[in-house]
Number of protein chains: 2
Amino acid sequence: MFRDKNFQVTNIAELGEFKLIEHLTEGIKIKNSSTKKAVGDDAAVIKSAKTQVVTSDLLTEGIHFDLTYTPLKHLGYKAVVVNISDIYAMNAHPKQILVSIAVSGKISVEALEQLYEGIYLACDKYGVDLVGGDTSSSLTGMTISITAIGEAAKDKIVYRSGAKETDIICVSGDLGAAYMGLQLLEREKKIMQETGSSIQPDFAGKEYVLERFLKPEARKDIIEFFEKENIKPTSMIDISDGLSSELHHICKQSDVGCRIYNGKIPIDLTTGMLVEEFNLEALIPALNGGEDYELLFTLPVSDYDKIKDNKQIRVIGHIVDKSEGLSLVTEDGNFIDLKAQGWNHNETNL
Amino acid sequence: MFRDKNFQVTNIAELGEFKLIEHLTEGIKIKNSSTKKAVGDDAAVIKSAKTQVVTSDLLTEGIHFDLTYTPLKHLGYKAVVVNISDIYAMNAHPKQILVSIAVSGKISVEALEQLYEGIYLACDKYGVDLVGGDTSSSLTGMTISITAIGEAAKDKIVYRSGAKETDIICVSGDLGAAYMGLQLLEREKKIMQETGSSIQPDFAGKEYVLERFLKPEARKDIIEFFEKENIKPTSMIDISDGLSSELHHICKQSDVGCRIYNGKIPIDLTTGMLVEEFNLEALIPALNGGEDYELLFTLPVSDYDKIKDNKQIRVIGHIVDKSEGLSLVTEDGNFIDLKAQGWNHNETNL
């Protein structure tokens, strides 16, 4: 509903598959020396002296994104960010991506150009080369599949499995904002559908949560900070499914328990206000909302001094013995079990 | 219509996303020393001393495959083969794949197990490790996205761009069979839809073309033959869109022309018979059919002796100066321009 409809319209069939790919990938400038050959052959060619990390995600229309309120440029940007966030979560640097897209024949070349504009913008911001993928038809909605390849020195790579008892638990940035951005967009969509109104809703003062949902960033800065301060987390994961679910992954793979503190969880002011406006339980968006793309990591207590002055990092708790389970400690000292709630796309339409 | 419907039915929602991925990937045994960490973290970890080649493909239901006549096990197998065929086309060896799948909530766990059975079968046959990917929901049909990673010594990698005038043009195996397999399946599907019949059609004697379409193989043997005989093609591509289209890719990127000979194009007997039965022009399936996954490559004339006794390789023509264009020479000496026909999924429903 917020999309610019003033497209010039060229049907993709007019160009044909090969010309379309050529058109969308022409003028790419390679940024990384490890990229030996990008698009244009049966496969891309990469030569890295380091260890590589590889991750892949598939986004489908109506499940992972809603084109009624997602500008295509933002969608392209976000699709890249979501993937390279997984690379940073390994304490590595993203270097290459492959992008495969399936679209209905009805989509215009100009619409695809907007999508790719967002993809290239993210590539530029994060120093990543687009090296391959394909564009094909879909009978129904749009599907975007991205594979990201990153690299790091072997001994720098951080897994989910290294958290130790007494380690401190940290998160970057703040949590729950993307979830509230989504709630806001869904509410306005519903109102517009019910009233038939086409007036742009007034989102003044709520830009932060919208941007967190529509155009998130990956925490390159945190990985660079680790390098500078010579920090290597004992475990790390990116928060895509909500803090609670990610803590379960770390605790399960590290064979430990955790204790986090209600009052320590970083929540932005706008997020907090919207949580009240929507009558939600205060911590639901942070614990179970997802799509924050912040980093959750554990550090030996001895590293506390290195991070305590970084305003982008908050200590939210610590690792305990497995037998103590996973709990949230409320301000009045009660312990609440943290439930693992996967990112259930069927329920949340995210 | 040929699918075994006697599934035990467990809804994927009963398991949940994390358990489902765990279930589908449990018991994986890693085959390659370059695979340092497979599924289970934010990204897979790979360390290769060689140069890597990476390719990605997205397959969507109704466009790239039709579940009414494609057994899920075959589909999983084929989805892997299609991707690693691109790796072989670089004269490299596939080592890892990432598989992302989006399915409607209606699909059963048992159906996904069949799909993965085919994926693992291909992984075993070709010595590839499944290292990542994800499984998510789709509002409509099934989508499969696979990324394949291979490796080779840097100086062994073959591009599309090295073909030189006088080079001989070779293809492996035979062409057009997969296209006739598809025609056969589409014809029977139509008959069954029109008559409402549920009797399995009699495909006796036509197994070859069906298998070429439903369960193709990638030409690992040819790459191994090159190694053994110390052959390095000057250019190479896999035939996924039909011989004509692939020749255009090679000629364009090598800045040359080509001449191929009607009588030299390898066509299997069953394919030939079906071409007559379907009243098609004799060379259409080979030139424009696609999905053969054979290798098309060029060699210096001096290498002819090395390949002449290999029954799996046929010389079909030679490279000429760019000014001579791309032509097919018929038995009576006429020259026909080879048209680049992309694999138009909208038209052929493949």
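## Buried face of α4(B)

In this predicted model, the buried residues of α4(B) are Leu112(B), Leu115(B), Tyr116(B), Gly118(B), Ile119(B), Tyr120(B), Ala122(B), Cys123(B) and Tyr126(B). Buried means 20 or more other C-beta atoms, placed from the backbone, within 10 Å of the residue's own. Helices are DSSP runs of H or I, at least four residues, numbered from the N terminus.

Helix α4 of chain B covers residues 109-126, 18 in number. From first C-alpha to last, α4 spans 26 Å, close to the expected 26 Å. That expectation is 1.5 Å times one less than the number of residues. Just after α4(B), Gly127(B) has a positive phi of about 65°.

Local features need pLDDT of at least 70 and side-chain atom pairs 80 or more, while totals for chains, interfaces and linings use all residues. Residues are numbered from 1 along each chain as written, with chains lettered from A and ligands numbered from 1 in written order.

## Nonpolar core

The largest nonpolar core holds 176 residues. Such a core joins buried Ala, Val, Leu, Ile, Met, Phe, Trp, Tyr and Cys through C-beta atoms within 7 Å. Val53(A), Val80(A), Val53(B) and Val80(B) have the most contacts inside it.

Beyond its neighbours within four places in sequence, Val53(B) contacts residues including Ala43(A), Ala44(A), Val45(A), Ile87(B) and Met90(B). Contact means C-beta atoms, placed from the backbone, within 7 Å.

## Symmetry

Chain B lies on chain A with an RMSD of 0.0 Å after a turn of 180° and a shift of 0.0 Å along the axis. The two copies are therefore related as by a two-fold rotation axis. Superposition is by least squares on C-alpha atoms with pLDDT of at least 70 in both.

Notes
Helix = DSSP H or I, 4+ residues; strand = E, 2+ residues; numbered from the N terminus. Buried ≥ 20, exposed ≤ 12 C-beta atoms within 10 Å, placed from the backbone. Contact = placed C-beta atoms within 7 Å.
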